[in-house]
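Colleague: Could you take one part of this model and go through it slowly, for someone in their first year? Please start from a single residue and work outward to the rest of the chain.

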Amino acid sequence: MTTLIKARNLGKAYGSTVALDGVNFTIDSGAIVGLIGPNGAGKTTALKAILGLTRYTGELEVLGRNPRRERTELMRDVCFVADVAILPRWLKVANAIDFVEGVHPNFRRQKAEEFLKRTRIRPDRKVGQLSKGMVAQLHLALVMAIDAKLLVLDEPTLGLDILYRKQFYSSLLNEYFDEQRTIIVTTHQVEELERILTHLMFINDGRVVLDETMDAIGDKFTELLAGPEHVDEIRALGPIHEHEVFGKHLFLFEGASRERLQQYGELHSPSVADLFVAKIGEGRQ
């Protein structure tokens, strides 16, 4: 496993607003990384830096290249998908395929066409005639036909219904991803992503507040569901978060002994959403 992205003291400010505040992280090849944070946390700025779309301070290396100075070379091995509304409504599906084939040296037209044959999208249809879910399928067909080492997805399923969202991630995982590719995805629909992620990164106020593998999260964090009779004892153990559920109390612990906790109630592994609330949500209320 090799390091694909390395950031050291990465910073970015827009006037007096600090978007990235001395961020440090590494991303290895073959990872599926969920970059999660509230609006304005710095997610999109971090992605723009990785893609060479904005200036920054500190050090950043992507695929062994400087994103700002070597962006043309970098983008031969990188794909980026944002909100699916960016395709021109007058553009025909066939023309979209022609365009990507003409500009990207690693595009495989046959693969894109084979994927679209399994959908209801006809080559002569204009983007404006497609539903948002169908536009997402078109995006996916174009992306999966590019032999890229890094795929960056910024809210790729925003506004799609649950069927299209599940289909999008299923196709991505089963037909595109392999151990040689790396995917970074930002989304607010974290529940749908947690089963496919290998790594999780929380960002808040321009700082990384959690950076762990999913396996490490399962070992490091524990949820305890307990009755009210043990609340004071449990609080004395130092949970990082607590809330009430149907008359019981749900506590989240970081680095606590499971053997010690199990005497008080039921133990569970926290969901990404619960972990997000514990690490970020409370401070924003």
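Modeller: Start with Asp 205, which is exposed because its relative accessible area is 52%, and the cut-off for that word is over 50%. Bear in mind throughout that this is a predicted model. Asp 205 sits in the loop between β8 and β9, the latter being residues 207–213. Its phi is near 55 degrees, which is a positive value in a residue that is not glycine. Phe 246 also has a positive phi without being glycine, near 50 degrees. That residue is in a loop too, between β11 (241–245) and β12 (248–254). With a relative accessible area of 86%, Phe 246 counts as exposed.

Now look at what lies across from Asp 205. Thr 17 is 188 residues away from Asp 205 in sequence, yet their C-alpha atoms are 9.9 Å apart in space. Thr 17 belongs to strand β2, residues 17–28. Its relative accessible area is 47%, so Thr 17 is partly exposed. Long separations in sequence also show up in the chain's contacts: of those with a separation of 6 or more, 68% are between residues 24 or more positions apart.

Next, step back from the loop into strand β8. This strand covers residues 199–204, and Phe 202 lies in it; Phe 276 lies in helix α10, residues 272–279. What is the relative accessible area of Phe 202? It is 0%, so Phe 202 is buried. Phe 276 is buried as well, at 18%, the cut-off being under 20%.

The two rings form one of two aromatic pairs counted in the model. The other is made by Phe 168 and Tyr 169, whose ring centres are 5.5 Å apart with 85 degrees between the planes, an edge-to-face arrangement. Both Phe 168 and Tyr 169 are buried. For Phe 202 and Phe 276, the centres are 5.4 Å apart and the planes meet at 90 degrees, so this pair is edge-to-face too. Because one ring is in β8 and the other in α10, the pair ties together parts that are 74 residues apart in sequence.

Strand β8 leads on to the nonpolar core. As a general point, nonpolar side chains in soluble globular proteins tend to be buried together. The largest core here has 56 residues, and Leu 172, Leu 200 and Phe 202 are the members that touch the most others. Helix α5, residues 132–144, supplies the largest share of this core, with nine residues. Take Leu 200 and set aside its neighbours within four places in sequence: its contacts are then Gly 34, Ile 36, Leu 210, Asp 211, Glu 212, Met 214, Ile 217, Val 272 and Leu 275. A separate core of 29 residues lies apart from the largest one, and it includes Leu 20, Val 78, Leu 150 and Ile 184.

Leu 20 gives a route to helix α1. Thr 45 lies in this helix, which covers residues 43–50. Beyond its neighbours within four places in sequence, Thr 45 is in contact with Lys 12, Tyr 14, Ala 19, Leu 20 and Thr 54. A relative accessible area of 10% makes Thr 45 buried. How many of the eight residues of α1 are buried? Six are, so the helix is largely enclosed by the rest of the structure. The buried residues in α1 are Lys 43, Thr 45, Ala 46, Leu 47, Ala 49 and Ile 50. After the helix comes Gly 52, with a positive phi near 75 degrees.

Finally, the whole chain. Its secondary structure amounts to 10 helices and 13 strands. Of its 285 residues, 49% are buried. The C-alpha atoms occupy a box of roughly 65 × 45 × 35 Å along the principal axes. The accessible surface is about 14500 Å², and carbon and sulfur atoms account for 47% of it. There are 36 positive and 39 negative side chains, and the centres of these two sets are 9 Å apart.

Key: Residues numbered from 1 in each chain as written. Predicted model: local features only at pLDDT ≥ 70, side-chain atom pairs only at ≥ 80, totals over all residues. Heavy atoms only, no water. Phe/Tyr/Trp six-rings, centres within 6.5 Å; stacked < 30°, edge-to-face > 60°. Buried < 20%, exposed > 50% of the residue type's maximum accessible area, 1.4 Å probe, protein only. Helix = DSSP H or I, 4+ residues; strand = E, 2+ residues; numbered from the N terminus. Contact = heavy atoms within 4.5 Å. Areas by Shrake-Rupley, 256 points an atom, 1.4 Å probe, with all protein chains shown as cover. Lys, Arg positive; Asp, Glu negative; His and termini not counted. Charge placed at Lys NZ, Arg CZ, Asp CG, Glu CD. Core = buried A, V, L, I, M, F, W, Y, C linked by side-chain atoms within 4.5 Å.
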